[in-house]
Structure formats: C-alpha cells, structure tokens
Amino acid sequence: MLDRSSHAPEEPPPSEDELLAMAYADGELSAEEATNFSARLKAEPALLRLVAEHRALDVLARQVGLPEPAEIDWSDLKEDRTYRGTTAAGWILLTLSVSIGVAVASGEFLLDDTVPAPTRVLAGAGVLGLALLFGSVLRRRLRAIPLDPYRHLQR
Amino acid sequence: MLILTTDEVAAARITESLGLVRGTTVRTRHWGHHLIAAFKGVVGGEVHEYTKVIAEAREEALDRMKAEAFALGADAVVGFRFATSEVAKNCAEVVAYGSAVKVVRADQG
C-alpha cells in the first residue's frame with residue numbers, strides 16, 4: 001500500500017481572516033460579528049473574494065452525482081481540434097462582421113448629407129447611448145464574475 | 001440546516017413556526033450561449049447551456065431562502081418547494097420557498 005501521508009504537502013493552517021470568511025459564508029457569525037465583517041468586506045476586496053471562493057466551493061460540494069457518459073463524451077468533444085477550430089473561426093467571423101457592419105452602417109448614416117442634421121445627431125446620440133449602456137453592463141458583469149459562486153455549476 | 005419537502009421532521013418535534021421563507025433569482029447566460037442553444041434546438045439533444053442556467057438559478061434561490069431561514073434562527077425548513085416561470089425570454093426564474101421552523105429531538109422534552 002502506498003504511504004501517501006509522507007508525500008502530502010503540508011498546508012499552512014487557515015488564517016484568522018480565512019476562518020472568519022468561512023464562518024461568514026456559512027452564516028455562523030453572530031449578528032454583531034456579521035455586521036462588523038460586512039463593513040470590512042466593503043473596504044477589503046481580497047476578503048470579498050475569500051468569501052466568494054468559499055461559497056463557490058460550498059455550492060460545488062453539493063454536486064454529488066458522478067459524471068454521466070454523455071458529459072464525458074461532450075468534454076472530449078470540446079478538446080477536439082476540429083470542433084475547437086470551427087467554433088473559434090465561427091465566433092471570430094461573426095464578431096467581426098457584426099461589429100464592422102454596425103460601425104460602417106452607423107458611419108454611412110451619420111455622414112449622409114441627404115439625411116437632416118438633427119436626425120443624424122439624434123441617431124448618433126442613440127447609438128452612443130446604447131454603446132455606453134452596454135459598456136457599463138459589461139463592466140459590471142466582468143467585475144461580478146469572480147464573486148459569482150454559481151458559475152462552475154453544470155447541472 | 002435541514003431542508004425538507006415533508007411537513008414534519010422525522011424523529012423530531014416542531015416547537016415553533018417562524019413563518020414563510022423564500023428566495024428568488026432570475027438568471028440568464030450571455031448571447032453566445034443562446035445562439036449555440038438555438039442551433040442545438042435544431043439538431044436535438046440536451047441543451048447544456050440551459051441545464052446550467054437552471055442549475056445556477058436553483059442553487060442561488062435555495063441559498064437565498066436558507067439565508068432568510070438562518071436570519072430567523074430556524075433549525076429547518078419544511079414543506080419546501082421550487083417554483084419556476086419565465087419573466088423574460090431565455091431567463092430562468094426560480095422561487096424556493098418553505099416554512100421555517102424550530103425543532104427539538106422527539107426524545108427530548
């Protein structure tokens with residue numbers, strides 16, 4: 001029999017902050033402790049990520065089912081060169097055509113002298129407004145992804 | 001915390017009802033996943049993109065309900081149910097709800 005204990009790397013004991021983050025995520029702090037810890041979370045992004053990581057582990061631990069044959073086959077397919085190549089090429093072509101198409105169509109419309117200037121200004125403002133709104137939503141989502149404990153769930 | 005679909009807790013006695021607890025969420029995936037899902041709709045089979053979003057919504061709603069039960073000091077949630085609906089196209093809305101209760105072991109006073 002293999003003696004795994006002699007090869008297992010020794011993990012350092014959890015810090016006080018790690019223990020507090022675990023207790024906070026598990027709802028085990030008293031009301032006063034939780035309030036104090038919540039105040040620290042607003043000021044310390046590293047602590048916020050610690051809580052999010054613990055929550056993500058907790059959520060994953062509930063997934064007790066074994067992988068199904070179809071899932072194993074699907075993950076193999078994702079590694080397949082042809083599949084990866086065709087999907088990557090598809091996304092690149094689609095993204096380029098949509099973004100360049102929107103930019104060219106907007107430019108042509110805004111520079112078209114046959115369209116009254118107020119209409120062009122309004123349309124330009126509308127396109128810019130949509131772009132700003134999308135940008136702010138995208139930025140918010142990108143910041144929230146690491147804090148989303150459910151993103152690793154599959155089924 | 002025990003989450004049960006039954007109205008009773010086996011081998012335990014409910015000593016106090018703390019009221020309704022619930023958790024709600026609405027989740028979706030980005031546009032690219034919906035596009036792939038639409039193609040899968042053409043060829044058939046499981047649409048993993050939507051299986052995943054339902055799983056995420058289910059666990060998030062459950063956690064929110066549990067947090068509410070914790071805040072009330074509950075030992076268990078009985079009569080637990082999930083409900084789903086669609087508030088927007090391609091969005092999964094899940095509501096998890098039940099009754100928060102305090103319990104003691106049946107062999108204790």
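**Domains, sheet and interface in a predicted two-chain model**

Chain A of this predicted model is divided into domain 1 (15–62) and domain 2 (69–146).

Me: How many Å separate the centres of domain 1 of chain A and domain 2 of chain A?

Reply: Domain 1 of chain A covers 15–62 and domain 2 covers 69–146. Taken over C-alpha atoms, their centres are separated by 36 Å.

Me: What is the span of helix α5 of chain A from its first C-alpha to its last?

Reply: Helix α5(A) comprises residues 81–110, 30 residues in total. At 1.5 Å a residue, 44 Å is expected. The span in the model is close to that value, at 43 Å.

Me: Which residue caps the N-terminal end of α5(A)?

Reply: The backbone nitrogen of A:T82 has a side-chain oxygen 3.3 Å away. That oxygen belongs to the capping residue, A:D80.

Me: What is the order of the strands in the open sheet of chain B?

Reply: Strand β1 (residues 2–3) of chain B pairs with β3 (residues 76–85) in the parallel sense over two bridges, and B:I3 has B:V77 as its bridge partner. β3(B) pairs with β4 (residues 92–105) in the antiparallel sense over eight bridges, while 14 bridges join β4(B) to β2(B), also in antiparallel fashion. The pairing in this four-stranded sheet is therefore mixed, and the order is β1-β3-β4-β2.

Me: Why is one side of β1 and of β2 in chain B left without a neighbour in the sheet?

Reply: The order of the open sheet is β1-β3-β4-β2. β1 and β2 (12–27) of chain B each have a single partner strand, so one side of each is left without a neighbour, because both stand at the edges.

Me: Which helix of chain B packs on the sheet?

Reply: The helix touches β1, β2, β3 and β4 of chain B. Its direction makes about 140° with that of β2(B). This helix, residues 48–72, is α2 of chain B.

Me: Which residue in the turn between β3(B) and β4(B) has a positive phi?

Reply: β3(B) and β4(B) form a hairpin with six residues between them, and B:S85 stands opposite B:E93 in β4(B). The phi of the turn residue is about 65°, and the residue is B:N90.

Me: Which three residues supply 31% of the area that chain B buries against chain A?

Reply: In the interface, 18 residues of chain B are in contact with 15 residues of chain A. The two chains bury about 1300 Å² between them, with 57% of it on carbon and sulfur atoms. The three residues that supply 31% of chain B's share, more than any other three, are B:H48, B:K52 and B:E59.

Notes
Residues are numbered from 1 along each chain as its sequence is written. Chains are lettered from A and ligands numbered from 1 in the order in which they are written. This is a predicted model: local features need pLDDT of at least 70, side-chain atom pairs count only at pLDDT 80 or more; totals for chains, interfaces and linings use all residues. Side-chain values use heavy atoms; hydrogens and water are left out. Domain bounds come from an automatic or database domain assignment. Two strands pair if DSSP finds at least two bridges between them. Contact means heavy atoms within 4.5 Å. Axes are lines fitted to C-alpha atoms, for helices over the stretch in contact, and angles run from 0 to 180 degrees between N-to-C directions. The expected span of a helix is 1.5 Å times one less than its number of residues. A polar contact is a pair of N or O atoms within 3.5 Å; within protein, one must be able to donate a hydrogen and the other to accept it, and residues adjacent in sequence count only if both atoms are side-chain atoms. Buried area is the accessible area (1.4 Å probe) that two parts lose on being put together, summed over both.
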